[in-house]
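The following questions and answers go through one structure step by step, from the contact between chains to the cores and the sheet.

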Amino acid sequence: MTPAPARETTAVRSTGAYPVLRAAARALARVVPVAVGVVLAVFFLLRLVPGDPARMILGERATPESVAALRTRLGLDLPLPQQFADFAVRLLTHGDTGDSLVYGTSTRALILERAPVSLGIVALAVAVSVLVAVPLAVTAARHRDGIVDHLVRVIPTIGLGMPLFWVGLLLIIVFAVTLRWFPVGGIGTTPLDPLRSLVLPAVAVSFGLVPPLVRSLRAQLLEVMSADFVTTLTAAGLSERRVTYGHVLRNAALPTLTLLSVYVASLIGGTLVVEKVFGINGLGSLLFNAIGNRDFPVVQGIALYCAVLVVVVSLVVDVLVAWIDPRTRRGASGSTGRSW
Amino acid sequence: MSRPHLRRLGRLAPLALATALVLSGCAADSGSPATDDASPQPGGTLTFGRVASVTSFDLNNEITANNAFAIDKVFEPLVAFDSTGTIEPWLASDYAISDDGLTYTFTLRDGVTFSDGTAVTPADVVFSLQRHRQVEGPLPLEAPITDIAEGTEGTVVITLSAPYTPLLSELSGFSNGIFPADFGGKTEQEFFAAPVGTGPFVVSAWDPAGDLTFTANKNYWQEGKPYVDELVYKLIPDDTQLLQQLQAGQIDAIDEVPPANVADLQANDATRVVTQGSWEIEQVFFNTQDPHFADVNVRQAIAHALDRDGITAATTFDTAQKADALIPPTIEYSAADAGYALDHDLDAAKTALAASAYPDGFDTTLLIASGNSQRAQEAQIIQSALAEIGITVEIESIDIAAFRQRFFAYDFDLMINSGQSDAPDPDGLVSFQADPEGFSQSYWTHYTNDRVTALLEEGRTTPDGDARKDIYLEIQQILANDVPYIPLFYPSNVKASTSAVHDLTVLPNGSVRFQDAWIQK
């Protein structure tokens, strides 16, 4: 009996030789046009919006002369093509979009200082979400239409409906103020503090991640479980557990992995709300303040950073998918069997 | 016992009694929210949560509060104002004004040194003030100064071309702090990256986008102060987080308190609230170039239609004081008690509107900056109040950078904004709001009244006293009738701390004199 024809998943890119390397190369080639497009769009669109950075820095009561002097000092009164040329040169030679108009420090330094915290929230949130979503989805799929299945489908969706800032405040009240297990906010100063400080924010974010992951994974699991090869494996005597976690999950995970990468992409620049609620000085709040202050170099820098990182994330996911998918590992011509 | 012995005992008795009293007082203090008669204990780190970071110490080029209230910990002026706005000698131990009001002689206090130990000399004062005049900063000296020079024997002499009563007030501002001549041999940039001044604190670690740590100035001229060893300005951009971190004991004090939470903090034994009258005035401004608001009857009608008591109580949770005059009571010559303001009277409002060119009402737009929930509430109350006299208000809420762009271009009908004084003297505030020749053109209202303009000029040149008082009272009366703007309320400066923090002295501009503060162990 031949195995059932493999389902086409959107994750399958090619079955040629060195499939993983080729996926990586394609993704890298995507970075350049994306980055260029983002840089151009942000640079010019920002300057179309009303608002003067020098006036934002000095406030309403500062004399017009002092504001004009500051504009000159910051190079804001140069003609636009000149400003863009200076910016492009600085970016290509120093990898920096310029000094912050408000803080005076280089944007790259600001991003390097703040990014780890925001990335930490995202990474921890992903870890928590996956650790929660996988067992839930597997349990629901194995007990299809049972009471457990219904509970797993309904309860996380309630969490999805709660606004993030409200979830965050609830977590603070319960776990920080009342139980004192975690700090109320901020990052803390001792080496151990950062991890403790990121737990509640990560949990808050995962309220929004778990429901779609569970639903997607559960649906995929059910589909894969009904495939012939699963019947074959079970008939061959493998335990249900081994079949589920060793074979079914690997096949079912691919679309969910792609879905996860979409959510991670939106989280990369989107940690603002959770940062505000928990008093964390991360990239999200830096971006928000920079936009409010019309701090052009910082907004440009963060936009570029987010664009590049999103492409990198999709690259990682493509590689991961290509690696997990048994068909790409085998290769179409079946010759080398190399998995990268 | 022999007599001499008894006499010695006799002298000891009052001392023993006094000691017993003091000790019993101390015992009573530990545990209850402390009275500030307890004597200061030196030591400790005071962590102060603020919503904005410090981006520069260049005092002559700064104006915004986030930097000003770090600068005033490092640099100090010749004279300073206290929490009531009264000007007192500071780096100058004494000053004399000539009879014609043109010459001011300041005597430098003995023994004052910069934090690095070098003595402060008249040359430093002259250099600092001259530099301020040269850089054309955002908060310049407006006084008609012709010369600043060293006088005889440790004095500095400032000469004016015309009498200018607000001079001392201007000199008390943070932007007129004293620093070493020639920046102590460093370049400007080097100096302001590691500033050296006479102030109670020295910068030890500084992240312009994050926290700032000060250590106590060992050479500070006020004996025994500052009491704390270290002062940290911690960046916490969200005001709810400020509150939560204070309540959790993660920080010692906070720079602002959401008005809705003030009552809770006051009721809680673990926290303490300090409220101080400010120099701010929340106002509704009219663009008098708009055809509707060019008519004084319309403006008076709107003033009568607003219940300022209600607005104050509802939007500030009773932490602010209703405004009955432009000049707040924390500044001299305030007419807040004089009863000039048009009262809440719907009939008078309708009558005034009937006398205008728009007796049936009209449509207009109220411009506010977004992100401020208190102001959004004020706008809604005003909208519904004006609906009662037939004026339909549309609220336009835009982001603050765009908001500033709009009203700077006079592209608004009505707006809500905050007027503010930077100094104890009324001239700065009133000129900014009523001088059509000033750069704001009467706070962007285009209001022109020749009598007011003449009075402003007189106010600047008349020495303090009853004559000057009458001038400012008359100005406020005219403004109350002409209503180019309607003062709504005077927000308070509200700071909070844990109950272990004592003597948080809050100044009317919102700054805190941290050299007075101490932490109870």
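Q: How many residues of chain A are in contact with chain B, and how many of chain B with chain A?
A: This is a predicted model, in which local features need pLDDT of at least 70 and side-chain atom pairs count only at pLDDT 80 or more, while totals for chains, interfaces and linings use all residues. Residues are numbered from 1 along each chain as its sequence is written, with chains lettered from A and ligands numbered from 1 in the order in which they are written. Taking two residues to be in contact if their C-beta atoms, placed from the backbone, lie within 7 Å, the counts are 33 residues of chain A and 27 residues of chain B.

Q: Which element gives the largest share of the side of chain A that touches chain B?
A: Helices (H or I, at least four residues) and strands (E, at least two) are DSSP runs, numbered from the N terminus. The elements of chain A that give two or more residues to this side are α2 (53–58), α3 (64–73), α7 (164–178) and α12 (283–293). The largest share, 4 residues, comes from α3(A).

Q: Which residues touch the most other members of the largest nonpolar core?
A: A nonpolar core is a set of buried Ala, Val, Leu, Ile, Met, Phe, Trp, Tyr and Cys residues joined through C-beta atoms within 7 Å, where buried requires 20 or more other C-beta atoms within 10 Å of the residue's own, C-beta atoms being placed from the backbone. The largest such core has 82 residues, and helix α8 (residues 193–225) of chain A supplies its largest share, 14 residues. The members that touch the most others are A:Ala137 and A:Ile302.

Q: Why is one side of each edge strand, β8 and β12 of chain B, left without a neighbour in the sheet?
A: Two strands pair if DSSP finds at least two bridges between them, and 7 strands of chain B form an open, mixed sheet in the order β8-β9-β10-β1-β11-β19-β12. Because β8 (201–206) and β12 (271–277) of chain B stand at the edges, each has a single partner strand.

Q: In which sense do β8(B) and β9(B) pair?
A: A hairpin joins β8(B) to β9(B) through 5 residues, and B:Val202 stands opposite B:Thr215 in β9(B). Over 5 bridges, the sense of the pairing is antiparallel.

Q: What is the bridge partner of B:Leu212 in β10(B)?
A: B:Leu212 lies on the covered face of β9(B), together with B:Phe214 and B:Ala216. The strands β9(B) and β10(B) run antiparallel and are joined by 4 bridges. In β10(B), the partner is B:Tyr233.

Conventions: A residue is buried if 20 or more other C-beta atoms lie within 10 Å of its own, exposed if 12 or fewer, and partly exposed in between; C-beta atoms are placed from the backbone.
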